[in-house]
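Let's take a friendly walk through this structure together. Have the sequence and the coordinates open as you read.

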Protein chains: 4
Amino acid sequence: MNLLSKTKKKSLKPVNYRQKIMDAAIRVFARKGYNDTTMIDVARAAKVGIGTLYNYFKNKDELLISSADKTIETELGKIRKICEKQADPMDRMETYFIQHAMLLKENPHIARFLVSQLRQSEGFFERNPEFNPLRHYVNFVKELFETAKESGRIKDVDTKALAIMVIGSMDMLICQ
Amino acid sequence: MNLLSKTKKKSLKPVNYRQKIMDAAIRVFARKGYNDTTMIDVARAAKVGIGTLYNYFKNKDELLISSADKTIETELGKIRKICEKQADPMDRMETYFIQHAMLLKENPHIARFLVSQLRQSEGFFERNPEFNPLRHYVNFVKELFETAKESGRIKDVDTKALAIMVIGSMDMLICQ
Amino acid sequence: MNLLSKTKKKSLKPVNYRQKIMDAAIRVFARKGYNDTTMIDVARAAKVGIGTLYNYFKNKDELLISSADKTIETELGKIRKICEKQADPMDRMETYFIQHAMLLKENPHIARFLVSQLRQSEGFFERNPEFNPLRHYVNFVKELFETAKESGRIKDVDTKALAIMVIGSMDMLICQ
Amino acid sequence: MNLLSKTKKKSLKPVNYRQKIMDAAIRVFARKGYNDTTMIDVARAAKVGIGTLYNYFKNKDELLISSADKTIETELGKIRKICEKQADPMDRMETYFIQHAMLLKENPHIARFLVSQLRQSEGFFERNPEFNPLRHYVNFVKELFETAKESGRIKDVDTKALAIMVIGSMDMLICQ
DNA sequence: TATGAATGAGGATTCATTCAT
DNA sequence: AATGAATGAATCCTCATTCAT
């Protein structure tokens, strides 16, 4: 009986509050932006008490940073894994574009969150100058271009600028 | 004597408060973003009293909207005028790119203001759904492309999407 | 008519908000202590809006400090003036005791405020280590004793310690 | 074996949580004051869980009251016992002063706790009107004086007021 | 008409207390 | 019985907006 009850309880959802909160935060931040998102908004979206937010994140800034980092890591990880299956640099680039587009289409709120957090209030960036969640993403795209360039398949260009422009293009398309 | 002094003052400077305020607002909004800009910030930058802001603009939202519209109108007007001097569609496009780049370089705060206000919180857009200062700008670029397309000089593409992508690329480049 | 209306308005109470707020603050702090006094309490007692408090005092700490300083200055000033009328040191000391007792009796809330703020939370003192409103008061009593000592009327004692003890005695009597 | 180990543990240390918590509480309250002391502070100082505090004390107020009462009882008990060894009232008084001074010097945190908790916010006293940990202490000193008075060794005075003043003097000296 | 002091709704954060384990 | 994560009421403070001068 002991064993049973334990099993029961475990199957009864050992809530991962940290993840639950970040998931909610991403959704709300994506929809309303940093400034218009209140901690109460996040708490309600995550269905937890306000105080609980502060058990897992020191303050609102840290909640945004953690959520952004986690999201980038997760989503970029998925795309990277799929791209790596392609041996040919050009195929890899193509796969990336497709995956990126799919991400934008299927998880618009995540996409919006990723690309739009850049334009946060300067207040936030003054407090957190090191924060740039897109850095890893830009780097990934840049690497894609570099591999393609080395293979002689695309012309000599500033791959970083190109990466930024590509992401920027997609970003703007989403917003409009 | 009374009359004279009055005349003198008027001829000395018929202050255009509305314009003065918008000029200041653009600078401050561009630097700090919508949410981190207080009405006091704007009043101080414009060297007017807070109350004066409300004599010319209903509220903070309207101040942003008016400032953005006015800026787009002014800057776009300048660029348009220069572009129209070019008869050939391709020259016109080239001229546009150069002018746009110059605007970004010489008035970074205006550029930043124009391209970054788009990403306002949904809160702002929910309150002002009709607000899209870039609309005119996008349309202008779109027209450029269409003229070029009609002349057979560029391939058949979704000109609007292209316009958005071009602007988005530039935007992202500025931010990074 | 102009003159009249001006006179009228002036007589119509040109409210001194700063003073009004400090008066209220002293009363409330004296009754409830620093920690249990909320800014809303003070605002209500002063019959002003909460925001008004912050137009005159940077924060709650500064409100307490200003109120305490002002009170000491005012009350000590009164007592000092009366004492100075006495030429003889012993008469002066006696006058002081009487005045102090009168202060305690007639304005118990001020008295309580003066003598009890010393025991504030250490949190407050850690933030404001230089704050010691009783310093001036202790010094005044100390000087009284010194004058008396010089005149040979009282024995050789540590006048500062004596001053502190006297004030402490009265303080404790009030509290009980 | 079970029995043995149990016995061992018990004899090793039958933890008295209640006492352990009060000891910690006194230290922390004395150092930080009632309001700046959090239940977590106390729990950490006592090396117990937060929940444990609530198994032994209904709430924070009761924890303070119990700690104060217990301390007074203990310390006063010690001093009383030593004083009682003196047959002569004057010697007894002298012994008391020495003991009190020693307590202040050797356990400043206890001393501070005893004498400073009196000045709690009225909020606390409104909730706990019966709370006056110094009552017993004042009574003890008062009795000392009365015995001395009866023996004709000191003049006729209000012994209670005298007791209060003496304690107040010492209190103020500690604070400064 | 320009002004800025007064205002209070709203938001981030803390912490005593509860309760499931 | 001990524990500590979850909770939300309560508090300080900001800032858009109003209005009397």
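**Cysteines and the DNA surface**

D:Cys83 counts as buried, because its relative accessibility is 1% and buried means under 20% relative accessible area, with exposed over 50% and partly exposed in between (1.4 Å probe, protein chains only). A:Cys83 is also buried, with a relative accessible area of 1%. A search of the whole structure for disulfides finds 0 over all chains, a disulfide being a pair of cysteine sulfur atoms within 2.5 Å.

Before we go on, a word on the model: it is predicted, so local features need pLDDT of at least 70 and side-chain atom pairs count only at pLDDT 80 or more, while totals for chains, interfaces and linings use all residues. Residues are numbered from 1 along each chain as its sequence is written, chains are lettered from A and ligands numbered from 1 in the order in which they are written, and side-chain values use heavy atoms, with hydrogens and water left out.

Now turn to DNA strand E. It is surrounded by 30 residues, and the closest are B:Thr52, B:Tyr56, C:Tyr17, C:Gly49 and C:Thr52; a residue is near the strand if one of its heavy atoms lies within 4 Å of it. Of the strand's atoms that come within 4 Å of the protein, 66% belong to sugar and phosphate.

Some polar contacts (N or O atom pairs within 3.5 Å) are worth finding on screen. A backbone N or O atom of A:Met39 lies 3.0 Å from a phosphate oxygen of DNA strand E, and a polar backbone atom of D:Lys60 is 3.0 Å from a phosphate oxygen of the strand. At C:Gly51, a polar backbone atom is 3.1 Å from a base nitrogen.

Key: Polar contact = N/O pair within 3.5 Å; in protein donor to acceptor, adjacent residues only side chain to side chain.
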